[in-house]
Each structure stands twice: as C-alpha cells, then as structure tokens.
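Thanks for coming. I will take a few minutes on one structure and go through it part by part. Please have a look at it first.

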Amino acid sequence: MIKLKQYKEIIHKCSKCGLCQESCPVYLENGNECSTARGILVLLRGIINGEVQFRKDINRYLDKCLRCGKCVEVCPSEIPFEDIIFAAKCRYLYCTPKGLFIRILQSAAVKKLFNPAQKVISEKFDTKALYFGGNFKDVLKLLNSNSVELLNPVESGWGMEYLLSGNIIRFRKSLNTAMKLIAELNPKFIITDIPSDKFRGILKNYGGYSPNIDIKYVGEYSGGEKFASRFFNPRYAEKLIKEIKEKVHQ
Ligand code: SF4
Ligand code: SF4
C-alpha cells in the first residue's frame with residue numbers, strides 16, 4: 001500500500017495560493033472548493049493528523065478528481081497531487097470498512113461470478129491491434145469493419161477502475177497481464193480509453209515498461225464527473241480509424 005502519511009511534509013508545503021482552483025475543470029463546473037487540490041489537501045492533512053475522519057463524502061471528493069494534472073502544472077509548490085490522490089484512495093480502500101466492501105466487490109472471484117470475461121472473436125487481417133478498455137463490442141466492430149484485427153483473447157482492461165479506486169494489488173495484476181499481452185502479441189497499435197500519453201506514463205511509472213508501439217485512444221475526458229471513455233465516442237473513433245489507415249499506408 002502507498003502510505004498517505006508519507007506525503008505529510010509535502011502536503012504541508014501547500015501555500016493555499018489558489019492557483020489550482022482556477023485551473024481545475026471540476027471546480028469550474030461545480031464551484032465547490034472541496035473539489036480542488038487545495039481543498040482536498042486540507043481534508044487530507046486533517047486525516048493524517050487524526051483530526052478528520054475519512055468518511056465516504058471525503059472519498060466522493062477524491063472520486064470527482066479527473067486526475068487531469070492541470071493543478072500540478074500550475075502549482076508553485078510542485079505538489080504531486082495525482083500521487084497524493086492515489087495514496088489517499090489506497091488509505092480509504094485498505095483502512096475503512098467501506099473500503100473493505102469495495103475490495104471484496106473487486107476481488108477476482110466476485111468479478112468472475114458476476115462479470116465473466118468474454119472471448120473476443122475477431123476477423124484475421126494484416127493490421128493488428130490490442131485494445132484495453134470497457135467498450136469491447138463497439139471497438140471490435142469498428143476495427144473489424146475497417147480491416148483491423150483485435151488480438152485480445154478475452155475482454156480485458158489495464159486496471160483503470162482499480163487505479164481509480166486505489167486497489168493497488170488488483171491494479172498491478174491487471175497492468176501486468178496487459179503488459180504481458182503487449183509483449184507476447186506485439187500488435188501494430190494499442191488502443192485505450194485514455195489519452196495515449198497518460199497510458200504510456202502509466203506503463204512506464206507503474207510497470208517500468210515502454211513499448212515502442214503506436215498508442216491510440218477512443219475516448220476523452222468529459223467535463224465533470226469521471227472518464228467519459230466508458231462511453232464510446234464516435235468522434236474519436238473516426239479520428240482513430242483515420243490515423244490507423246494513414247499509418248498503415250505510410
Ligand atoms: S496551487 Fe499548489 S500551493 Fe497553491 S493552493 Fe493549489 S496545491 Fe496549494
Ligand atoms: S487533477 Fe484535475 S480535476 Fe483533479 S484537482 Fe487537479 S485540476 Fe482538479
């Protein structure tokens with residue numbers, strides 16, 4: 001588990017200047033200070049010092065964060081806010097009764113029972129891709145109808161839901177499976193539900209892995225709540241296919 005208290009001194013460096021507030025897309029939409037990096041850091045400092053209980057409404061503020069990194073870009077104190085959010089989510093998941101309940105729901109046995117992995121059946125084409133995300137049927141249809149084979153043996157992600165909830169153990173397992181698939185199947189393209197630079201960063205930071213493969217994505221952030229990538233985005237799908245075709249015909 002990544003310990004929240006190891007960030008105590010770093011959190012203390014927040015000067016409360018408010019620059020993060022102006023750049024936070026969640027704050028710009030809901031106007032709630034508790035959604036900003038500054039507001040969340042105040043709450044986390046209280047939790048670390050034992051003055052504030054880690055209640056589920058605080059966890060909800062953490063969930064609202066899009067982890068877009070805009071606050072990190074403007075922060076004069078260079079506070080690694082995305083890392084701190086992850087450590088806070090880990091603390092919630094591993095140190096509260098509600099967190100235990102979420103971990104049980106995310107366990108491999110429960111997942112298998114309620115959401116068994118579906119086999120991916122793809123046509124055989126010369127251009128091959130691996131997809132990690134939650135829109136398998138749509139992506140499979142889109143790729144096959146554009147002469148691209150999907151190499152995934154079964155529907156699988158890279159562990160985004162575990163990363164977002166702070167379930168570090170399940171996240172590492174999913175990411176390892178994804179990295180093995182990439183190494184074994186050597187696709188021409190990797191397609192994900194998050195921007196390619198973010199996915200590359202996750203592979204590198206958490207897996208120490210930098211595949212020399214073109215990474216594309218079919219989603220985008222929505223203003224407000226969570227990743228819109230759960231919903232297939234036709235605009236990005238069109239862009240994706242155009243880019244793949246251009247690359248293949250180069
Ligand atoms: S920009 Fe950085 S230092 Fe300023 S309030 Fe936000 S987190 Fe604190
Ligand atoms: S990472 Fe993005 S959404 Fe989260 S607090 Fe920072 S600016 Fe706001």
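I start with a contact count: twelve residues of domain 1 touch eight residues of domain 2. Keep in mind that this is a predicted model.

On the domain 1 side of that contact, helix H3, residues 25-30, and helix H7 each bring at least two residues. H7 has the largest share there, with five residues. Sorted by class, this side of domain 1 holds nine nonpolar residues and three charged ones, and no polar residue.

The bounds come from a domain assignment, which puts domain 1 at 4-102 and domain 2 at 127-248. Taken over C-alpha atoms, the centres of the two domains are 27 Å apart.

Now the protein as a whole. The secondary structure consists of 14 helices and four strands. The radius of gyration is 19 Å, and the globule rule gives 18 Å for 250 residues, so the protein is as compact as a globular protein of that length. Along the principal axes, the C-alpha atoms fill a box of roughly 60 × 40 × 30 Å. Buried residues make up 33% of the 250. If we take the contacts with a separation of 6 or more, 61% of them are between residues 24 or more positions apart.

Next, the ligand. Which residues come nearest to ligand 1? They are Cys14, Cys17, Cys20, Arg38 and Cys75, out of 16 residues around ligand 1. Three helices each supply at least two residues of this shell: H2 at 19-23, H4 at 37-48 and H6 at 70-74. H4 gives the most, namely three residues. By class, the shell around ligand 1 has eleven nonpolar residues, three polar and two charged.

H4 also comes up in the packing of another helix, H5, which runs over residues 56-64. Which residues of H5 are buried? Asn59, Tyr61 and Leu62 are. These three cover an arc of only 150° around the axis, and therefore they sit on the same side of H5. The cover over the buried residues of H5 includes H4 and also H7, residues 81-95. This is the H7 that gives five residues to the side of domain 1 touching domain 2. On the face of H5 turned away from the buried side we find Lys56, Asp57 and Arg60, which are exposed.

Last, two backbone angles that you may want to look at. Ser147 is not a glycine, yet its phi is positive, at about 60°. Where is Ser147 placed? It lies in the loop between helix H10, residues 136-144, and strand S2, residues 148-150. Is Ser147 to be called buried, exposed or partly exposed? Ser147 counts as partly exposed, because it has 14 C-beta neighbours inside 10 Å, and being called exposed would take 12 or fewer.

The other one is Asn186, also a residue other than glycine, with a positive phi near 45°. Asn186 belongs to the loop between helix H12, residues 168-185, and strand S3, residues 189-192. With 12 other C-beta atoms within 10 Å, Asn186 is exposed.

That is what I have; I am happy to go back to any part of it.

Note on methods:
Residues are numbered from 1 along each chain as its sequence is written. Chains are lettered from A and ligands numbered from 1 in the order in which they are written. This is a predicted model: local features need pLDDT of at least 70, side-chain atom pairs count only at pLDDT 80 or more; totals for chains, interfaces and linings use all residues. A residue is near a molecule or strand if its C-beta atom, placed from the backbone, lies within 6 Å of it. Ala, Val, Leu, Ile, Met, Phe, Trp, Tyr, Cys and Pro count as nonpolar, Asp, Glu, Lys and Arg as charged, and the others, Gly among them, as polar. A residue is buried if 20 or more other C-beta atoms lie within 10 Å of its own, exposed if 12 or fewer, and partly exposed in between; C-beta atoms are placed from the backbone. The arc is that of the directions from the helix axis to the C-beta atoms. Two residues are in contact if their C-beta atoms, placed from the backbone, lie within 7 Å. Domain bounds come from an automatic or database domain assignment. The radius of gyration is taken over C-alpha atoms; the globule rule is 2.2 Å times the number of residues to the power 0.38.
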